[in-house]
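I opened the notebook on this model to look up its strands, cores and aromatic pairs. The entries follow in the order I made them.

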Amino acid sequence: MAAEEAAEASLARLSPERRQPGREDDAEENPEGGGGGSETAALNGVVVSGKVKSNNLDVKVPESELEMEEKGMEEESTRESESNVLDVTSDYPREKHISIQRHLADLEKLADLKEDAKKHCPLCPEERFKASYSHKLHRHLQNLHWKVSVEFQGYRMCICHLPCHPVKPNFVGDQTSSKMGAHYHCIICSATITRRTDMIGHINRHVNKGETESRFTTVPAPKSSNQVLKELATDVQVLPNYSTPQKTDSYFNPKMKLNRQLIFCALAVLAEERKPIECLDAFGATGIMGLQWAKHLRSSVKVTINDCNENSVTMIQENCLLNKMKVKLNTKEEDNDEAMGDGEETSDTIEVTKMDANVIMHLRSFDFIHLDPFGTSVNYLDSAFRNVRNLGIVSLTSTDISSLYAKAQHVALRHYGCNIVRTEYYKELAARIVIAAVTRAAARCNKGIEVLLAVALEHFVLVVVRVLRGPSPADDSAKKIRYLIHCQWCEERIFQKEGNMVEENPYQQLPCDCHGSMPGKTAVVLGPLWSGALFNTGFLRRMLFEAHQYGLDEAQPLLKTLVCEAECTTLKHFSTHSPYEENKQEECGVYIKTPNTSAESYLVSGKRKSEEVIRNAAKRQKYETSAEHPAFYYNVHRHSIKGMNMPKLNKFLSYLSEAGYRVSRTHFDPMGVRTNAPLAQFKTILMKYSAPTYAAGQAEGPVHLPEDLQAGEQVQAAADGKAEDAEFLEDDKSGVAASVFTKDSPAHCAAD
């Protein structure tokens with residue numbers, strides 16, 4: 001009996017997890033403890049070949065029974081862990097990990113920042129980051145956690161240092177170091193990953209598999225997170241990160257407002273010529289541009305907004321409904337249309353398509369096409385000119401300014417097939433590069449172009465051209481693509497002469513003599529470039545009228561500068577208040593309506609001028625519109641004289657006008673002067689009216705050059721065969737001024 005009591009005592013000390021039900025019952029049924037089939041075991045003895053030896057009692061314990069006990073424990077622990085995971089995933093958003101937040105302010109709320117109290121970092125253990133004041137903790141959260149986060153669907157997966165992901169143990173002698181490593185928590189599958197690049201690849205694999213729904217983000221994001229912006233009486237909702245094109249589908253750039261206004265004016269002018277017109281915004285993004293067209297031009301246009309991204313198409317539909325516009329959805333290449341809204345298609349209906357831009361331009365014909373991709377637009381030019389209607393307009397915005405502005409010359413050679421260098425007129429060079437690419441694409445489709453507008457500003461290059469069908473216009477346009485010879489010493493430039501014959505000395509085409517006075521090669525060949533005009537004066541004046549009609553305040557100053565630049569004059573005669581009348585002007589071989597500006601100018605003291613004066617004025621206007629503006633411009637600061645104070649820019653323009661040269665300011669450069677004067681004469685006039693630095697306080701006037709300098713200039717002018725320069729110097733000494741432009745009323749154009 002003593003042996004039985006010892007066995008019961010040992011069973012009582014056995015943990016409940018290690019005891020199986022029915023074991024005590026078996027012991028009571030077999031009190032002898034030994035015999036065949038007995039399964040009673042004791043743990044206070046020594047196990048020898050499957051037996052437990054306790055005092056004078058031998059108890060047999062099968063080895064298979066011990067293994068079954070261990071397997072049962074593992075199954076129970078597995079079931080417990082699975083139940084815990086299910087509890088976490090089913091209880092959102094309370095169980096969302098604290099390292100996954102939408103805004104930095106949400107992360108700061110977890111820390112409960114207070115100015116007069118020290119707080120711990122919510123994502124770092126106490127031994128890693130001690131309690132600190134609010135300013136230090138704010139820098140810690142922003143620099144260590146927020147800046148290195150991984151973004152997905154508006155959430156930020158910040159780096160976490162909490163003991164969530166243990167590092168593999170490092171055995172140092174007999175001790176084991178169990179540090180906790182920095183890691184990220186996946187928002188989709190709740191996995192912990194250490195490296196940021198691995199986390200980005202992990203998210204991309206989920207996206208490629210179509211697994212974009214997160215177990216932590218089953219609740220849709222609140223609509224209040226979408227910001228609503230307003231431009232030109234048009235509301236659009238955008239995502240919080242709308243200004244970063246790589247991280248959002250609905251990219252919206254507020255700095256491109258001027259670009260959108262210029263395109264709107266061009267479309268409004270085309271809408272006055274013929275109604276209705278079909279226009280396409282090939283890259284809709286938020287749909288702001290197409291919404292402005294439909295909202296203000298109404299029945300004059302039929303707007304189609306296209307985008308290949310599904311999220312962008314959804315955003316465009318929501319913005320259409322936000323502006324009370326009906327949506328006609330077409331997401332396939334076939335004619336499967338789905339209308340959203342009540343009633344039939346009206347003037348307030350916008351067609352939204354989900355296609356590749358090349359596909360929709362190949363399938364359908366349009367009167368107006370606008371291309372605004374992210375980067376270069378050369379990949380879409382062939383499709384744009386394939387089906388565009390005759391006398392239609394194609395506008396394109398190129399934002400790859402690093403290559404166009406000669407910062408990445410190899411990219412410009414790859415995309416546009418042009419050799420370029422950084423020059424003082426690099427912005428106009430960029431515009432002519434884009435027009436040359438447009439001309440080649442149109443010529444491949446047996447179409448010619450007429451450039452209506454070319455603008456190059458800080459963030460973009462905008463080109464608007466009219467399409468002329470037929471092989472003859474295509475040949476005429478292709479002939480205007482020529483190479484440019486550029487002197488790297490004095491910045492003089494000139495287009496190569498037409499013809500296929502190779503010249504013995506190309507440097508002779510340059511007006512300067514830098515090649516003879518400087519050693520080595522002084523000039524480079526740039527291009528091929530567009531050598532024709534960059535502006536159409538009549539079209540720009542009508543754009544200015546439309547900008548005034550619709551209240552586009554930002555576009556009006558630029559359009560005034562463009563009109564002056566197109567006419568190459570400093571005089572401003574703008575009639576923006578006269579309506580469209582039946583006065584017609586010929587553009588591109590067709591007669592189109594233009595504002596009648598002659599009615600006001602022909603009225604003198606209530607009487608009309610005589611027919612002879614009107615006829616002479618018409619002849620003069622025809623001559624001015626037929627003469628193209630000079631190519632390129634000179635920067636005044638680039639050619640200034642050291643130790644001399646330059647005259648005011650407006651006065652310098654009047655000095656050039658008095659000398660008999662055509663002159664105007666340019667929008668490409670605030671200090672640029674567009675003129676047909678040679679560079680040598682440009683420098684001579686600039687030197688003549690510059691004052692020495694020590695005499696800056698005295699009144700501005702002509703500086704009397706030394707006799708040897710005057711004689712040297714006269715000899716050089718005679719050697720170059722420049723008789724006009726010598727006549728200019730003689731007339732200037734005698735005080736003869738040009739009769740067309742006066743110094744008393746110096747006109748100027750606002751280039752900014």
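In which sense do strand β19 and β21 pair, and over how many bridges? I looked it up in the model, which is predicted. Strand β19 (residues 393-398) pairs with β21 in the antiparallel sense, over 6 bridges. I noted one position: I393 has R466 in β21 as its bridge partner.

I then went to the strand β20 (residues 447-456). It is joined to β21 by 9 bridges, and the two run antiparallel. Here I449 stands opposite V467 in β21. The connection from β20 to β21 is a hairpin through 4 residues. I also checked the cover on β21 (residues 461-469): 8 of its 9 residues are buried, and I wrote it down as mostly covered.

**Whole chain**

I took the totals next. I listed 24 helices and 33 strands for the protein chain. Of its 752 residues, 45% are buried. Among contacts between residues at least 6 apart in sequence, 63% join residues at least 24 apart. The accessible surface is about 40,400 Å², and 49% of that belongs to carbon and sulfur atoms.

**The open sheet**

I traced a sheet of 3 strands in the order β23-β22-β24, and I noted that the sheet is open and the pairing antiparallel. Why is one side of β23 and of β24 left without a neighbour in the sheet? Both β23 (493-495) and β24 (523-530) stand at the edges with a single partner strand each, so each has one side without a neighbour in the sheet. From one strand to the next the twist averages 25°.

Strand β22 (residues 481-487) and β23 are joined by 3 bridges and run antiparallel. I picked out H486, whose bridge partner in β23 is R493. Helix α14 (residues 426-444) lies across β22, β23 and β24, and I recorded its angle to β24 as about 50°. I also recorded one aromatic cluster, formed by Y425, F495 and F632.

**Cores and helix α7**

Which residues touch the most other members of the largest nonpolar core? They are F385 and M543, in a core of 112 residues. The largest share of this core comes from α7, with 11 residues. Leaving out residues up to four places away in sequence, I found M543 touching L262, C265, A266, V269, L453 and L559. A second core, separate from that one, has 22 residues, including L649, V663, L679 and F682.

I looked at one polar residue of α7 as well. N259 sits in helix α7 (residues 257-273). Is N259 buried or exposed? Its relative accessible area is 1%, so I entered it as buried. Beyond residues up to four places away in sequence, N259 touches M289, T397, F460 and L462.

**Helix α21**

Helix α21 (residues 649-658) has 8 of its 10 residues buried, so it is largely enclosed by the rest of the structure. I listed the buried ones as L649, F652, L653, S654, Y655, L656, S657 and E658. Their cover includes β31 (663-665), β32 (672-675) and α22 (679-688). Just after α21, I noted a positive phi of about 95° at G660.

**Aromatic pairs**

I counted 10 aromatic pairs in the structure. Why is the pair of F264 and Y550 called edge-to-face? The ring planes stand at 90° with the centres 5.1 Å apart, so the pair is edge-to-face. The pair links distant parts of the chain, 286 residues apart: F264 is in helix α7, and Y550 is in the loop between α17 (537-549) and α18 (555-567). F264 counts as buried at 1% relative accessibility, whereas Y550 is partly exposed at 30%.

I then took the pair of F283 and Y380. The centres are 5.0 Å apart and the planes are at 80°, so F283 and Y380 also make an edge-to-face pair. F283 lies in the loop between β13 (277-281) and α8 (288-297), and Y380 lies in the loop between β18 (368-371) and α11 (381-386), 97 residues apart. F283 is partly exposed, with a relative accessible area of 22%. Y380 has 17% relative accessibility and therefore counts as buried, the cut-off for buried being under 20%.

Key:
Residues are numbered from 1 along each chain as its sequence is written. This is a predicted model: local features need pLDDT of at least 70, side-chain atom pairs count only at pLDDT 80 or more; totals for chains, interfaces and linings use all residues. Side-chain values use heavy atoms; hydrogens and water are left out. Buried means under 20% relative accessible area, exposed over 50%, partly exposed in between (1.4 Å probe, protein chains only). Contact means heavy atoms within 4.5 Å. Accessible areas come from the Shrake-Rupley method with a 1.4 Å probe; for residues, only the protein chains shown count as cover. Two strands pair if DSSP finds at least two bridges between them. Axes are lines fitted to C-alpha atoms, for helices over the stretch in contact, and angles run from 0 to 180 degrees between N-to-C directions. A nonpolar core is a set of buried Ala, Val, Leu, Ile, Met, Phe, Trp, Tyr and Cys residues joined through side-chain atoms within 4.5 Å. Rings of Phe, Tyr and Trp (its six-membered ring) pair if their centres lie within 6.5 Å; planes under 30 degrees apart count as stacked, over 60 as edge-to-face and the rest as tilted.
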